[in-house]
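I sat down with this one to see how its pieces fit together. These are my notes, in the order I went through the model.

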Amino acid sequence: MSAAENRLLFAWLEVTGLCNEFCDHCYADSGPKGTHGTMAVEDWVRVLDELAEMGALDVQFIGGEPTLYPHLPELIEHAHGAGLGIEVFSNLTHIREPLWDTFQACGVKLATSYYSDEAEQHDEVTRLRGSHKKTRANIEKALGFGIPLRGGVVTVRPDQRAREGLQDLLNLGVEQVGGDRTRAFGRAGQGATPTIADLCGHCAHEKCAIGPTGDVWPCVLGRFLTLGNVTETPLAEVWGGAQMAVVEADIRAVHGDGMQSCTPPQFLPMCGPCGPCVPSVGHCDPRETEAAATIGAPN
């Protein structure tokens, strides 16, 4: 499919691999030993400009933990000035006061993961003592500021109070919540080599992900499939380029021609008319959509 037929509308920007949490199910395999990669802030600014020029609508800053990236406020302000919609996917444990001002001034939306209504169980998943208390307090703070926020629960343990966690989010006033199972990528794969069959098949359809070293992936989970690198080639040439065509053909060979049919696109903040997908807990697979709705439904 050509770039003209498949416009790039959305990009995940993984600005860092550093995270203060160390969740077993992290698809990015990020943690306290992660780095900010090799992309300079000037590289990210150029990518934002290229996305705007290509007609993209939204970006989502991810990690790692994006609030640990020192130039995040600068990138948010630049994205806002370029006319891009902005969402930050954060664990909400490390937000300094000036960043709240940036969020409000630039119309930023937030998204977060939540694992249980019980602090001890949540902290066991994140491996960060006190993370539940901080995340919950900052959810309340964001809502108090009127900042749109999405939340969801990934079920990672058999005894996890996932449903109660979802209900707790609703009780806090989070209007968009969801739930999902662990996805077998990154640490969650427990050493298994990821395959195209593990993906939903909608990769590289109107969206891509860009990592801390400049690699362009068809989605955040498909990081083992590289479309190009923005430090070597302009994004407009990567998108719809020869390597992307090869990757699309490989995906199509596994998932068939129906891969472009969105039901809905995972993680996209501008989903519609479908229900909202929550970062890390959204459903793309139409075979699982009904199950996801059941998991996410309030009691």
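The entries below start with the whole chain and then go element by element.

**Entry 1: the whole chain**

I'm working from a predicted model, so local features are taken only where pLDDT is at least 70. I looked up the secondary structure first: the protein chain has nine helices and nine strands. Next I checked burial, and 53% of the 299 residues count as buried. Then I asked how far along the chain the contacts reach. Among contacts with a separation of 6 or more, 68% are between residues 24 or more positions apart.

**Entry 2: helix α3**

I moved on to α3, residues 97–105. Which of its residues are buried? I found Leu 99, Trp 100, Thr 102 and Phe 103. They sit on the same side of α3, because they cover an arc of only 160° around the axis. I reminded myself of the helix rule here: an α-helix has 3.6 residues a turn, so residues three or four places apart point the same way.

On the other side of α3, I noted Pro 98, Asp 101 and Ala 105 as exposed. I then looked for what lies over the buried residues of α3, and the cover includes α2 (72–81), β3 (85–89), β4 (109–113) and α5. After α3 comes Gly 107, and I read a positive phi there, near 65°.

**Entry 3: helix α4 and what follows**

In α4 I listed the buried residues as Gln 121, His 122, Asp 123, Val 125 and Thr 126. Their cover includes β4 and α5, and I had already met both of these elements over α3.

What follows α4? I found Arg 127, with a positive phi near 60°, and I flagged that Arg 127 is not a glycine. I placed Arg 127 in the loop between α4 (119–126) and α5. Arg 127 goes down as partly exposed, because its relative accessible area is 49% and the exposed class begins over 50%.

**Entry 4: α5 against α6**

At what angle do α5 and α6 pack? For α5 (residues 131–144) and α6 (residues 162–172), I have about 35°, with the axes 10 Å apart. I wrote the crossing down as right-handed. On the α5 side I listed Arg 136, Ile 139, Glu 140 and Leu 143 as making the contact, and on the α6 side Asp 168, Leu 169 and Leu 172. Sorted by class, the contact has four nonpolar, three charged and no polar residues.

**Entry 5: a cis peptide bond**

I checked omega and stopped at Gly 63 and Gly 64. A cis peptide bond joins the two, with omega about 25°. I placed Gly 64 in the loop between β2 (58–62) and α2.

**Entry 6: the loop between β6 and β7**

I looked at two residues in the loop between β6 (176–181) and β7 (207–210), beginning with His 205. Is His 205 buried or exposed? I have it as buried, because its relative accessible area is 14% and the cut-off for buried is under 20%. The side chain of His 205 makes a polar contact with the side chain of Asn 6, at 3.5 Å.

Glu 206 is in this loop between β6 and β7 too. I read its phi as positive, near 65°, in a residue other than glycine. With 30% relative accessibility, I put Glu 206 down as partly exposed.

**Entry 7: helix α8**

Last, I took two residues of α8 (residues 242–255), one of them Ala 245 and the other Met 244. I have Met 244 as buried, at 1% relative accessibility. I left aside its neighbours within four places in sequence and listed its contacts: Asn 6, Ala 204, Leu 227, Val 238 and Trp 239. Asn 6 is a name I had already written down, as the polar partner of His 205. I also looked up Thr 226, which is 18 residues from Met 244 along the chain, with 7.9 Å between the C-alpha atoms.

Ala 245 counts as partly exposed, at 43% relative accessibility. I paired Ala 245 with Ala 204: they are 41 residues apart in sequence, and 10.0 Å apart from C-alpha to C-alpha. Ala 204 was also on my contact list for Met 244.

Methods: Residues numbered from 1 in each chain as written. Predicted model: local features only at pLDDT ≥ 70, side-chain atom pairs only at ≥ 80, totals over all residues. Heavy atoms only, no water. Axes fitted to C-alpha atoms, helices over the stretch in contact; angles between N-to-C directions. Helix = DSSP H or I, 4+ residues; strand = E, 2+ residues; numbered from the N terminus. Left-handed = near helix turned anticlockwise from the far one by under 90°. Contact = heavy atoms within 4.5 Å. Nonpolar A, V, L, I, M, F, W, Y, C, P; charged D, E, K, R; others polar. Buried < 20%, exposed > 50% of the residue type's maximum accessible area, 1.4 Å probe, protein only. Arc of directions from axis to C-beta. Polar contact = N/O pair within 3.5 Å; in protein donor to acceptor, adjacent residues only side chain to side chain.
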